[in-house]
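Reader: I have a structure in front of me and some questions about it. Can we go through them briskly?

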Amino acid sequence: MQTFDFIVVGSGSAGSVVAERLSASGRFSVLVLEAGGTDRRFFVQMPLGYGKTFFDPKVNWNYAADADPGLAGNKDHWPRGKILGGSSSINAMVWIRGAAEDFDAWREAGNPGWSFDDLLPAFRAIEDNQAGGTDLRGTGGPIHVTDNRKNVHPLTHRFLAAAQAAGLPLNQDFNGAAQEGVGVYQITTKGGRRMSAARGFLRPAMKRANVTVETDALVTKVLFEGKRACGVEYLQNGAKQTARAGREVILSGGSVNTPQLLQLSGIGPAALLADLGIDVLHANEHVGRNLQDHQGINYTWKAKVPTLNQLLRPWWGKALAGMQYLLLRSGPLSMSMNQGGGFFRTDLSRARPNMQLYFQVFSTVLPKAGERPILTPDPFPGFSIGLSNCRPSSRGEIMIRSADPTVQPRITVNAYSTNSDVAEMLDAVKFLRRIAAQSPIADVIAEEVLPGPSITSDADLIQDFRKRSGTVYHPVSTCRMGPDPTSSVVDPRLRVHGLTGLRVIDASIFPDNITGNTNAASIMTGWKGAQLVLEDVSSFRCWRSPSSSP
Ligand SMILES: Cc1cc2nc3c(=O)[nH]c(=O)nc-3n(C[C@H](O)[C@H](O)[C@H](O)COP(=O)(O)OP(=O)(O)OC[C@H]3O[C@@H](n4cnc5c(N)ncnc54)[C@H](O)[C@@H]3O)c2cc1C
């Protein structure tokens, strides 16, 4: 059995950063165990290729949530990256840090070091923002952020003008001083290729002699000596393997897999573990609980003018877009499907935005089951305005249903299970139609396709969004951070309460969800988490044990 200073489980947005930061000094050996395989795949590297990876089991866990009464009984599809780079290798690449108030609330909940001012240096250090450096934006960091303001489709400008006519300010930088308003999204690409956490952090780290990365390695259990984590057990090529951690085991498996792995290892709700025949090492009712996610929906219109549907659907258009991409690394294939968007308040008495907008210059009204036809959109010219809630109050949970680590855990979403979540979504979908009714977007609308003009009453609008909405892939908080072991899973230094040698560093530790997409905050969590590990190593603050090399 090999021994490493640190074992990092999962090479996603956070895990890639943890591996890079912990190995940078050369002092520590780091083993990264990733259940998926290489990210050197065309549809991973090509930004719009994520339509292809959305259901691809070679790179995606393809989770199915349980049938949800809040979603009209639907079993929502939950893609999560199973690949180097994790979900940052299959995501929509929108770069939003979240609101300063989100992180200030984390701090106020008893987590010193997690206010926006505390975290801003990490956000800036991570970034290489094409829009240039400011006191809020970074340059020269590992994650290149493309400023797309000059590249978007003309219809995106119509959307921006219509949203302004509906009362929203133009916002040139959602990662600037304020989130409210509409604008063009910054995205994580460089030179027309996806800028995942693997590309920015893990791949450079893999060149170091002190980093070992094992792919197709599914960690099935954390091993303990008493209450101290000392290694992991994993499955690779059908064989059971073990590796030993001289210092720490760090779980970066993401919001679904990290609580699953803790539960499989005997850390979680005692009754559930006992029912499944798992010995309880440390009872904590909160492992897997407090699941928070953003729910989203699209409204779609048929247009009187060509949209990207006319380019991406016919073979000749695909060939043209493909040539433009291959020769120049530009055009629609080099971008996210969400070219523009923004943030708004459903009610002006609110202090800050509670909804996010997405503008898509194409439409996919009739996908077949198991398909996300971004690269083969509708035959008519169409576009969509989507939205998602930012801080819903509904809570779900993720619980194992078997002691077998290859069985998917149960995902209970409980979407729209509070009156306030329903009420704000109702106000929000009405606002989508207000935008669409404004010139200059109204001038090019032929008809509303979804939900369609017959859906107007509150009851019908609610029924429609329950039927058609679903995750926008931002699950967090299933191993939430907090000072109190009776209401959280990890402490503010991300150490699992009640145990030693074990941390969680990924999106599952968010005390609450943030206002916006979660990749930037997950990468920041990797950065901050690694900093905490290194501080504790050098100050002997936490557990101490001999280090050894592989
Ligand atoms: C389709 C999609 C679109 C999205 N769009 C955006 C967007 O546009 N902008 C944005 O900001 N965010 C977006 N997100 C969300 C964002 O990508 C995630 O919040 C973020 O990547 C989560 O990071 P993480 O480190 O917590 O987990 P992940 O990045 O998911 O990493 C977890 C890693 O751990 C591995 N792993 C898990 N369990 C084990 C195990 N037992 N053994 C070994 N390895 C394991 C996984 O295979 C994976 O590689 C999107 C997500 C998806 C899925």
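**A loop residue and the cores**

Author: We start with one residue of this predicted model. Asn171 sits in the loop that runs between α6 (154-165) and β7 (181-184).

Reader: Is Asn171 buried or exposed?

Author: The cut-off for buried is under 20% relative accessible area. Asn171 has 9% relative accessibility, so Asn171 counts as buried.

Reader: Which backbone oxygen does the side chain of Asn171 reach at 2.8 Å?

Author: Two backbone oxygens come up here. The side chain of Asn171 reaches the one of Gln179 at 3.2 Å. At 2.8 Å, the side chain reaches the backbone oxygen of Ala178.

Reader: Leaving out residues up to four places away in sequence, which residues does Asn171 touch?

Author: Ala178 and Gln179 have already appeared as polar partners. Both are touched by Asn171, and the list goes on. In full, it reads Ala178, Gln179, Glu180, Gly181, Val182 and Gly183.

Reader: Which helix gives the most to the largest nonpolar core?

Author: That core has 72 residues. Phe103, Trp114, Leu251, Leu262, Leu502 and Met524 have the most contacts inside it. Nine residues of the core come from the helix that gives the most, residues 519-539, which is α14.

Reader: How many residues does the other core have?

Author: This other core lies apart from the largest one. Its members include Val182, Leu218, Met337 and Ile441. Val182 is also touched by Asn171. The core's count is 66 residues.

Reader: Where is the pLDDT below 50?

Author: The chain has a mean pLDDT of 96, and 98% of its residues reach 70 or more. One stretch falls below 50, yet has 30 contacts in the model beyond near neighbours in sequence. That stretch is residues 542-550.

Definitions and conventions
Residues numbered from 1 in each chain as written. Predicted model: local features only at pLDDT ≥ 70, side-chain atom pairs only at ≥ 80, totals over all residues. Heavy atoms only, no water. Core = buried A, V, L, I, M, F, W, Y, C linked by side-chain atoms within 4.5 Å. Buried < 20%, exposed > 50% of the residue type's maximum accessible area, 1.4 Å probe, protein only. Helix = DSSP H or I, 4+ residues; strand = E, 2+ residues; numbered from the N terminus. pLDDT = per-residue confidence, 0-100. Contact = heavy atoms within 4.5 Å. Polar contact = N/O pair within 3.5 Å; in protein donor to acceptor, adjacent residues only side chain to side chain.
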